[in-house]
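Colleague: I would love a close look at one part of this model, with enough of the surroundings to make sense of it. Could you walk me through it at an easy pace?

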Protein chains: 2
Amino acid sequence: MNIKPKRVPIHPSSLFVIGEFGLIKRIAGKAERKDKSVLVGIGDDAAVITRSIPPLISGRKGGVSPLLVTTDSLIEDVHFRRDFPPEAIGWKALAVNISDIAAMGGVPEHCLLSLGIPDGISIEYIDRFVRGMTEAAEEYGLSLIGGDTTSSPDRLYISVTVLGKGSDNVLLRKGARAGDVIFVTGTLGDSALGLKIVEESGVGSREFGAKFRNPQSAIRNQLIERHLRPTPRVREGIQLANIGMVTSMIDISDGLLCDLGHICEESRVGARIRIDELPLSQGFNALSAKYGGIELALSGGEDYELLFTVRSKDVKNFMSMTEGTKYTPIGEVSKDRVVEVIEADGNRYLPKSSGYEHFRR
Amino acid sequence: MNIKPKRVPIHPSSLFVIGEFGLIKRIAGKAERKDKSVLVGIGDDAAVITRSIPPLISGRKGGVSPLLVTTDSLIEDVHFRRDFPPEAIGWKALAVNISDIAAMGGVPEHCLLSLGIPDGISIEYIDRFVRGMTEAAEEYGLSLIGGDTTSSPDRLYISVTVLGKGSDNVLLRKGARAGDVIFVTGTLGDSALGLKIVEESGVGSREFGAKFRNPQSAIRNQLIERHLRPTPRVREGIQLANIGMVTSMIDISDGLLCDLGHICEESRVGARIRIDELPLSQGFNALSAKYGGIELALSGGEDYELLFTVRSKDVKNFMSMTEGTKYTPIGEVSKDRVVEVIEADGNRYLPKSSGYEHFRR
């Protein structure tokens with residue numbers, strides 16, 4: 001998510017030519033090496049490594065569940081503004097990493113925090129940040145085990161690493177096959193809409209705190225909360241890994257279309273989703289029109305819902321086994337490697353944006 | 001290490017009142033929770049977690065060696081300047097984390113890289129950065145398994161996480177006892193002296209690259225190289241863990257006195273070191289006088305040498321078993337909880353600085 005994009009001319013060797021995902025591939029191409037202990041390397045939500053034990057001890061290979069590791073940074077004025085409630089920034093910094101573990105169907109266990117702190121930040125600010133982070137850690141059962149703190153010339157830099165336990169059935173981006181049904185958890189677009197509302201309000205830090213709890217605008221507050229305090233879908237991820245019918249999974253951080261694109265690319269398939277099937281909240285239906293409408297649900301990003309695919313023959317069984325949990329079918333995997341969005345009248349809808357990518361405009 | 005400290009008035013709730021180490025304790029106090037899987041949490045060079053396997057499979061508890069995890073960030077204009085050779089920045093970003101694993105006597109295995117990239121950085125710059133990092137990864141046998149990239153408003157932000165394998169004898173900061181002999185690997189002060197030489201030269205990016213390889217000033221280049229491309233002491237760390245006579249260990253990142261202070265604090269002891277025993281390089285002896293002299297070796301920081309203690313009754317044995325590796329005894333652990341520096345004439349030396357600490361001036 002980008003808060004205040006800067007506009008400068010694009011130089012030929014600028015990263016804007018290859019984009020964030022091009023850069024990740026480029027780094028992987030230059031830096032990856034063969035390593036039997038690495039089950040999944042660069043390019044999925046989390047890395048998966050195995051810590052096998054000597055066969056003499058275990059009597060079998062891989063007596064330990066795979067270790068999941070992920071890291072994500074949040075930079076002031078890119079991922080958050082300093083006048084956001086610090087508790088919310090702390091919660092989010094951990095939650096987005098927990099979400100990456102959830103996207104593999106794993107159990108988050110430990111975290112590390114690295115902070116770059118500029119002069120203008122007080123002890124109280126850090127205390128409140130740590131409180132928010134600790135709330136998320138308690139909610140999801142993680143222990144903070146280390147990290148580092150350093151001074152920063154101007155902006156607050158936050159980097160979090162989360163370690164987790166993978167099941168025997170780690171869910172990857174790759175694995176979707178033509179005919180599979182595409183599902184999402186929760187509702188889409190609320191976070192992007194919440195950010196629009198925050199940006200529009202233009203409130204400063206103290207007011208923001210008040211606005212955040214304004215009983216006069218409960219719907220707005222709920223949407224803002226969805227942006228500030230996202231809910232990683234850990235329980236759902238674990239259920240989806242255990243149930244054994246899911247063929248691929250990712251969490252929605254860059255927007256539905258963008259992250260569906262990642263599944264399609266890794267699985268070498270395409271997808272067709274139907275706009276009128278997208279799960280939208282009441283708040284979204286009430287307020288989104290003014291702020292970009294359905295585009296927010298298609299490309300807004302930072303929903304931190306899980307997007308996954310289920311074999312079509314298993315769908316009936318899957319639906320009955322997971323009754324009571326909000327999993328919504330929104331389309332199907334197709335052969336032709338393109339992501340299509342279909343309107344209620346059956347026509348093809350052309351989205352204005354395909355989602356958020358750093359180094360793209 | 002701080003490249004260009006900023007001077008602003010100190011606010012009562014400023015972090016400068018409690019300092020970096022006070023802040024780390026404060027965060028630990030607020031965020032740590034009981035967790036049996038955490039053998040060592042916040043406050044050592046790396047965290048140590050255990051991933052025990054079910055007794056039915058292993059026949060014993062803890063069939064897997066402990067997992068070591070550490071994370072460290074580098075921020076432009078705090079830890080490096082953009083006009084440093086990008087290969088050196090990449091090397092160093094990984095090396096400082098590897099050094100934390102070495103300081104526990106562990107074997108580094110996997111790493112993750114998180115990059116915040118401002119507009120002014122080109123693809124070529126990132127390529128060169130990745131090349132330097134990959135060189136360090138190959139040198140020390142690590143695999144890059146993940147990370148993330150994001151845009152940054154102005155400064156290059158680098159955060160690295162390293163995972164490693166601990167032996168059955170993980171070496172901690174705590175464990176030193178009065179009478180133990182204090183040792184260091186390698187030589188001290190070269191890195192701080194190298195930085196002084198870089199800063200004095202005031203050269204820009206292209207010139208810097210040339211200067212860096214200037215055959216006319218081999219000594220200067222060696223010292224600069226010690227700053228830009230530190231050598232984590234992995235082999236030494238593993239040897240020291242295996243040999244079983246070492247009671248405590250840390251790597252020297254903040255300066256000899258500062259890091260010795262960490263050992264003393266965690267072990268609840270004091271220390272006495274002798275200036276004329278400190279191992280100094282030829283280059284240091286030739287050039288240090290002009291730039292701060294022995295203070296650079298006492299408090300300069302970023303040596304990434306290992307500082308450790310050996311039981312006095314084992315010292316003779318230790319010396320003969322490790323012949324051929326540069327381990328220099330520099331003093332002893334004492335009962336009274338103070339770090340003393342003794343001059344050649346037996347008088348007490350009062351250092352001007354006790355080492356580098358973020359949020360201190």
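Colleague: To set the scene, what percentage of the 361 residues in chain A do buried residues make up? After that, please take me closely through helix α4 of chain B, residues 123–140.

Modeller: Happy to. Please keep in mind that this is a predicted model. To your opening question: buried residues make up 54% of the 361 residues in chain A. That chain holds 12 helices and 13 strands. Among its contacts with a separation of 6 or more, 86% join residues that sit 24 or more positions apart.

Now to your helix. α4(B) runs over 18 residues, from 123 to 140, and reaches 26 Å from its first C-alpha to its last, close to the 26 Å expected at 1.5 Å a residue. The buried residues in α4(B) are Ile123(B), Ile126(B), Phe129(B), Val130(B), Gly132(B), Met133(B), Thr134(B), Ala136(B), Ala137(B) and Tyr140(B). It helps here to recall that an α-helix has 3.6 residues a turn, so residues three or four places apart point the same way.

What lies over those buried residues? The cover of α4(B) includes α3 (86–102), β4 (107–117), β5 (143–151) and α8 (234–243) of chain B, together with α1 of chain A. Right after the helix comes Gly141(B), with a positive phi near 75 degrees.

Since α1 of chain A is part of that cover, the contact between the chains deserves a look. Chain A and chain B each bring 72 residues to the contact. On the side of chain A that touches chain B, the elements giving two or more residues include α1 (19–31), α4 (123–140), β5 (143–151) and β6 (157–165) of chain A. The most comes from β5(A), with nine residues. By class, this side of chain A has 31 nonpolar, 26 polar and 15 charged residues.

The two copies are related neatly. Chain A is superposed on chain B by a rotation of 180 degrees with 0.0 Å of shift along its axis, at an RMSD of 0.0 Å. That is the relation of a two-fold axis. The same surface serves both copies, as 100% of the contact residues of chain A recur in chain B.

For the wider setting, chain A is divided into domain 1 (35–165) and domain 2 (181–349). The C-alpha centres of these two domains of chain A lie 23 Å apart. Between them, 19 residues of domain 1 of chain A are in contact with 21 residues of domain 2 of chain A. On the domain 1 side, α3(A) gives the most, with nine residues. The residues of that side divide into 12 nonpolar, three polar and four charged.

Finally, a word on confidence. The predictor gives the complex an ipTM of 0.89 and a pTM of 0.90. Chain A averages a pLDDT of 88, and 87% of the residues score at least 70. Two stretches of chain A call for care: pLDDT stays under 50 over residues 4–10, for which the model has six contacts beyond four places in sequence, and also over residues 53–62, for which the model has 21 such contacts. Where pLDDT is low, the predicted coordinates should not be read in detail.

How values were computed
Residues numbered from 1 in each chain as written. Chains lettered and ligands numbered in written order. Predicted model: local features only at pLDDT ≥ 70, side-chain atom pairs only at ≥ 80, totals over all residues. Contact = placed C-beta atoms within 7 Å. Helix = DSSP H or I, 4+ residues; strand = E, 2+ residues; numbered from the N terminus. Nonpolar A, V, L, I, M, F, W, Y, C, P; charged D, E, K, R; others polar. Least-squares fit on C-alpha atoms with pLDDT ≥ 70 in both. pLDDT = per-residue confidence, 0-100. Expected span 1.5 Å × (residues − 1). Buried ≥ 20, exposed ≤ 12 C-beta atoms within 10 Å, placed from the backbone. Domains from an automatic or database assignment.
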